[in-house]
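Thanks for coming. I have one structure to go through today, and I will keep to what can be read from the coordinates.

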Amino acid sequence: MERDLFTAEHDEFREVVRDFLAKEVEPHLLDWEEAGMVPKSLYRQFGDLGVNGICIPEEYGGAGVESFLYNVVVGEEMASLPVHLGGLSLHLDVVLPYFLELANEEQRARWFPALASGDSISCIGMTEPGTGSDLAAIRTTATRDGDHYIVNGSKTFITGGINADLAVVVVRTGTDRRGGLSLLVVEDGMPGYDHSRKLDKLGMWATDTAELFFDSVRVPVANLLGEEGRGFEYLTRNLPQERLSIGVGAVAACESALARTLAYVGERSAFGSPIASFQNTKFELADVATDIEAGRAMVDRGIVELERGRLTAADAAKIKLFATDLQGEVMDRCLQLFGGYGYMREYPIAKMYADARVSRIYGGTNEIMKVIVAQSLGL
Ligand SMILES: Cc1cc2nc3c(=O)[nH]c(=O)nc-3n(C[C@H](O)[C@H](O)[C@H](O)COP(=O)(O)OP(=O)(O)OC[C@H]3O[C@@H](n4cnc5c(N)ncnc54)[C@H](O)[C@@H]3O)c2cc1C
């Protein structure tokens, strides 16, 4: 079914992004998988393309667009690649909104120009070795010392954490479980801050997923985002967009997997006939195409709700739950039609299968999504 979300300008922008990915990203994916991360220069290239600055106000070098639709275009095109590159989408869809919403004038002048140009990239550190789903149990502390905070603790599984120049870190500034949390921006190079440990993952091989260590890091109070003690509230406000963005990527990845599978079953033969000619193949792909249409309708509806400023936590949770469960199922069914080749990493479907697994885990696990939906039902 045709989508009616986008204007001709979005379509043109999509062509530019698609062309860039084909020329400047796809040819390097194998090297970056080997390196376990993309080079920082890639972010500058995205900056030159105007991607990083889409939502950043014009006075700081951005385009000042107040709409999520351009992010959707970038997210969908990135998710259609055979290798999921997590750092950029996370920077654009998840971390930048905190800066845009909470940075004061001095912080805007200090950080926005480099964020717009791609010279600076960000990550977000919520999860700790001891807690993930239960955000309010965070133990990394930021203790006030004059005009600085002294930060101690660690974060784990942080997407883009090695490349990031700015880390928005959820820290404990008080004892109240929720009211004691704040957002502090820790910068690359601050003494005692180590973000060099790269974690070895099942999938997403070209994305740097890092551990962050804070050993008495002195962070200026001027790096506090928003007000002290309101961190949990800010996180709750921004998580719906993060979850919608995961849903957007999940459905786009499904569409890409279906297209790749259709091409393969047309080429491969067994028992003297193309795989595509077997009834099982037709039924499997008819099911997959139908399910993707349902996922697409739900995600597109969520985008409209977000644009209207009324996407609720429960809506976003339903979308993330449905779209990422769908992604797991679609990758599995598509991979099966590739036979043994589907299990080989030289075939994109194998990577897409492995990369898909995490979408049911990060951004809040799908069990936590069910908890949120159940709460909205009064349970
Ligand atoms: C590749 C990758 C990238 C990530 N990127 C980031 C990032 O950039 N920034 C960041 O802060 N974090 C990131 N994460 C962390 C991610 O958000 C957490 O892993 C996730 O929230 C789950 O937390 P946990 O791993 O501590 O699991 P746990 O919270 O220990 O959960 C373990 C299991 O228990 C279940 N469970 C927990 N509580 C409940 C409950 N109340 N009811 C039912 N079941 C429950 C969970 O669903 C899960 O199945 C990333 C993780 C991965 C793997």
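Before the ligand, one convention on residue classes: Ala, Val, Leu, Ile, Met, Phe, Trp, Tyr, Cys and Pro count as nonpolar, Asp, Glu, Lys and Arg count as charged, and the others, Gly among them, count as polar. With that in hand, the shell around the ligand divides into twelve nonpolar, eight polar and two charged residues. Please keep in mind throughout that this is a predicted model.

Staying with the ligand, how many residues surround it? There are 22, and the closest are M126, G132, S133, T365 and E367. Three elements give two or more residues to this shell: β1, at 122–125, β3, at 148–159, and α11, at 366–376.

Now the layout of the chain. The protein is divided into domain 1, residues 8–120, domain 2, residues 123–229, and domain 3, residues 232–376. Where does the ligand sit relative to domain 2 and domain 3? Both of these domains give residues to the shell around the ligand, so the ligand lies between them.

The next topic is the contact between domain 1 and domain 3. Their C-alpha centres are 22 Å apart. Domain 1 puts 16 residues into the contact and domain 3 puts in 17. On the side of domain 1 that touches domain 3, α4 and α5 each supply at least two residues. The element that gives the most there is α5, with six residues. By class, this side of domain 1 splits into nine nonpolar, five polar and two charged residues.

Let me take those two helices in turn. Helix α4 covers residues 69–79, and ten of its eleven residues are buried. The buried ones are Y70, N71, V72, V73, V74, G75, E76, E77, M78 and A79. Note that E76 and E77 are on that list. What covers the buried residues of α4? The cover includes α1 (8–25), α5 (86–102), α7 (231–267) and α8 (279–307).

Helix α5 has 17 residues and spans 23 Å from its first C-alpha to its last, close to the 24 Å expected at 1.5 Å a residue. Within α5 there is a kink of about 40° at L96, shortly before the proline P97. As for its surroundings, 13 of the 17 residues of α5 are buried, so this helix is largely enclosed by the rest of the structure.

L96 comes up again from the side of L115, a residue of helix α6, which runs over 105–117. Leaving out residues up to four places away in sequence, L115 touches N52, I56, L96, F99 and S120. Is L115 buried or exposed? L115 has 29 C-beta neighbours inside 10 Å, so it counts as buried. There is also a pair to mention here: the C-alpha atoms of L115 and Y43 are 9.7 Å apart, with their positions 72 residues apart along the chain.

Next, backbone angles, for anyone who checks these before setting up a calculation. F157 is not a glycine, yet its phi is positive, at about 65°. F157 lies in strand β3, and β3 is one of the elements that give two or more residues to the shell around the ligand. F157 is buried, with 20 other C-beta atoms within 10 Å. The cut-off for buried is 20 or more.

M204 also has a positive phi without being a glycine, in this case about 45°. Where is M204 found? Its place is the loop between β6 (193–198) and β7 (209–220). M204 has 23 C-beta neighbours inside 10 Å, so M204 counts as buried too.

To finish, two exposed residues. N280 is in helix α8, and with 10 C-beta neighbours inside 10 Å it counts as exposed. From N280 to P39 the C-alpha distance is 43 Å, at a sequence separation of 241 residues. E2 is in the segment before α1. E2 is exposed, with 3 other C-beta atoms within 10 Å. E2 and A222 are 48 Å apart in space, C-alpha to C-alpha, and 220 residues apart in sequence.

That is the end of my part.

Terms used:
Residues are numbered from 1 along each chain as its sequence is written. This is a predicted model: local features need pLDDT of at least 70, side-chain atom pairs count only at pLDDT 80 or more; totals for chains, interfaces and linings use all residues. A residue is near a molecule or strand if its C-beta atom, placed from the backbone, lies within 6 Å of it. Helices (H or I, at least four residues) and strands (E, at least two) are DSSP runs, numbered from the N terminus. Domain bounds come from an automatic or database domain assignment. A residue is buried if 20 or more other C-beta atoms lie within 10 Å of its own, exposed if 12 or fewer, and partly exposed in between; C-beta atoms are placed from the backbone. Two residues are in contact if their C-beta atoms, placed from the backbone, lie within 7 Å. The expected span of a helix is 1.5 Å times one less than its number of residues. The bend at a residue is the angle between axes fitted to the seven residues ending there and the seven starting there.
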